[in-house]
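Trainee: Could we go through this structure together, one question at a time?
Mentor: Happy to; let's have it in front of us.

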Amino acid sequence: MTLNNATRVHPRLSIESAAIDTETDKPTNRSMKKAMNMKLNERFADGSGSSPRTLTLVMFGYNHEALCALAEADTEFCVIVVEERSLYEKKGLEKRSADPRIRSVLSRWEWCEYQNNSDAAVECIRELLKDTHIDGIVPGLEYAVGAANAAARAVGLPHAGEDAPLRDKIAFRRCVGGVQWTEVKSESDIFEPPCVIKPANRQASLGVSIIRSSEEISSAWTHTSTAREPRQEAGRPWDTRYICESLIEGDETSAECLVVDGDVVFLNITSKETSGAVELGHEVGQHNPGVEEAMRDLVSKLGVQTALLHAEFKGTTPIECAGRPPGDRIMLLIGRAWGVNLYEQWARAMCQYAVSVPQQPSSSAAIRFIHAPRGLVRGIEDPTGHGVITVEPNTWVSELACSWDRVGFVEADTHADAVRRASQVRFKMANDVVLYLNHRRTAAEWTPAFEASDGAVLLTDKEVRPAGIVETVQLDTNDQDAVTATVDELSSRYDIRGVVTFSDRDVETVSLLADKLGLPAPSQAAALKARNKFEMRKAVQSIAPHMVPSFSFIEPGDNAQSVMEGAGITVPCVVKPVDASGSRGFSLCHTADEVSAAVSRWGGPMVVEELLTGSEHSAEGYVYEGDVHLIGVTDKTTTAKFRLEIGQVFPSAVEGIQDAVKPLLQATIKALGINNCAFHMEFFFDARTSTVKLVEIAARPGGDYIASHLVPQVTGVSFARDLVRIATGQRPSFAVPRDGYVAATFKLHTDKEGVLKSMGQLPTAPIVVESQQHVHVGDVITQPPADTLSSILAEVVVVAASRREIEAFESRLREVEVVVE
């Protein structure tokens, strides 16, 4: 590391320090610009480089470590943190920012939907400037880099550069080159191994897969393309892109670099220890002339103006470069080795103030991260007392797949000391798990389900590998012999404490396995009735005939007219399969011939029943040791022809509906013998007579984000966690809705068939907590009964204080223009 003098002071210190063009004996354009800025702003009245007043800094994305460092700086800072409301809640920032150090420097919060939305960031800063002086703007987090840079550029403050590719690895490769690479849109785009595939706009080794043979491509693509960070995401659609690069062997290092007006004024080299793609340790203050030269060349290629950079290298080949402070406590290690508060110097540079940095480190400093064996952490022992453990007892620890899976760290002066200290940390482990059969359609729905247990083992017939799962086994879950054999094998390695499912088709298998393992669940007889709509109706009819519509069993070859007359069913009527869900196979029929056609088209046993009228709803809750707990009722909006659900609002706004449905619920639970499980019962309500009639009941939680989002947002309690508690023999919360909350799922639907030519932007609003677009331009849309999914273009989940806000948002969603040809 070579700088000109013991302490590098950037030329902003005084006007007299401006560079001189030796041929013309005049200040260069850049030095004149600096001098003019300083003179106009009267930054340094005495020419000393000191700060005569408190600097106002805007930080996009809360960075606790950075704020603590700024609070301890010699320079006085007043920081405005711009954050997403949803991240503020998810990360518990109200509690975290109560730290006295943070309170001494944090001026206030501003709310902005800045993730992947630079326009919103620019607008936020322009609003702030109307009544607030701002000296500088910085990104606190990776996902705030684009927003902070755009905002600073828009208002003429120091920024990384107009086109510097510091967030997108694809743009980075286009600019820098260095390795063979290609953008990946599907598994077929991955080139011959050895190679690496990874998300192009993610962080923390998330989804990084090293592929060394062709046999690993499929599983690697699944791992990469399904990786998510729900706690780091604001809940809006995220257009993740992917890149495949040739695998580079060699030592891995990183460079931490402060650039001011295109000049590298500080450069640290960090050596790294990795396990696959996950970093296990760092040692800062290293001497590596090759990487130093490569970093300076990288700064030039990227066209960086003013920024703090964190670039990673294999040998001297750049892998990626981020325009924000490094994570993993590297900034604090730099402070320890170099004797400088680099956060302070970075903030000063972004505020157009002089920076003062040392020429070389006075020592090294190292960190070694700790990871535990896979399993449930029961206890932790650290005889040295040097470890900082970030995992609590009774927490499940997954295999080391990304940085989030590390559970602590040790710091020391050298790498060897850090490794020695880390090796002495001991974990007491257990192998308690909950067995899950399959999962919901989207990661947004399945993530809360898996987070509800300390250890989840998943049996699935899909290729998806959700994050946070202890073990995933892919098999035909309809093959009960194969499932039973798999569970026998898993039981030899795990202590299975419960069996659950969130999908209708696995209810009977859950009962079978729970019975085999001696665990709480509905009996197999009850599960059969809950899965078979004909048997269900017969059972309820036997004790509450007035609560069940007229119905009859029908299968291909039956005379529809005779069947209907025998049951007293007139047209219009409804036909549905006895064992399907999600409106699959549903038909509204106006003649007996249409009934016959619908049965033939389905090709299996069905139920034909009278057409119910009134408003449609569902009851959400669970049964624990025979105690039926109704959490609340959901109001539903459905399409006229196929009764596809396009809206769910919880809790119901219909007066008296909860009391009206309780007798039906009690009768249905009793008739089927349902116990120790969740329920989702659909019914019709006639407001004129206050009567209810059964549509069907499922012995599992409701879909369409009801169990994953709506109920938890309104009650404040995880529905999935209550289900896991029941399945493991523990008492659930018996939660009820809280006053002042209403949540909804709204679906953007089209009744046309063809190719989606265009679709307007989904509306955004502070009340949006989740937004998923399922169909994109160029996709083919097919209508029921052939397909019940493709006509649902998108789903949006919202939560608000009033029904009025919910309805206003729904009106905006229904106005989105959709063109199908």
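Trainee: Which strands are the edge strands of the open sheet?
Mentor: In this predicted model, 8 strands make up an open sheet with antiparallel pairing. Their order is β16-β15-β12-β13-β14-β18-β22-β20. An edge strand pairs on one side only, and that holds for β16 (317–322) and β20 (388–389).

Trainee: What is the bridge partner of Val 284 in β18?
Mentor: Strand β14 covers residues 278–284 and runs antiparallel to β18, residues 365–370. The two strands are joined by 4 bridges. In β18, Val 284 has as its partner Ala 365.

Trainee: At about what angle does helix α11 run to β13?
Mentor: Let's take the helices in turn. Helix α10 (residues 289–302) lies across β12, β13, β15 and β16, at about 125 degrees to β15. Helix α11 (residues 330–338) packs on the sheet too, touching β12, β13, β14, β15, β18 and β22. With the direction of β13, that of α11 makes an angle of about 115 degrees.

Trainee: Are α16 and α17 roughly parallel or antiparallel to each other?
Mentor: The axes of α16 (residues 507–517) and α17 (residues 524–531) come within 8 Å and cross at roughly 175 degrees. Angles over 145 degrees count as roughly antiparallel. Therefore α16 and α17 are roughly antiparallel.

Trainee: How many charged residues does the contact of α16 with α17 have?
Mentor: From α16 come Val 507, Glu 508, Ser 511, Leu 512 and Asp 515, and from α17 Gln 524, Ala 527, Leu 528 and Arg 531. By class, this contact has 4 nonpolar and 2 polar residues, and the number of charged ones is 3.

Conventions. Residues are numbered from 1 along each chain as its sequence is written. This is a predicted model: local features need pLDDT of at least 70, side-chain atom pairs count only at pLDDT 80 or more; totals for chains, interfaces and linings use all residues. Side-chain values use heavy atoms; hydrogens and water are left out. Axes are lines fitted to C-alpha atoms, for helices over the stretch in contact, and angles run from 0 to 180 degrees between N-to-C directions. Angles under 35 degrees count as roughly parallel, over 145 as roughly antiparallel, 65 to 115 as roughly perpendicular and the rest as oblique. Contact means heavy atoms within 4.5 Å. Ala, Val, Leu, Ile, Met, Phe, Trp, Tyr, Cys and Pro count as nonpolar, Asp, Glu, Lys and Arg as charged, and the others, Gly among them, as polar. Two strands pair if DSSP finds at least two bridges between them.
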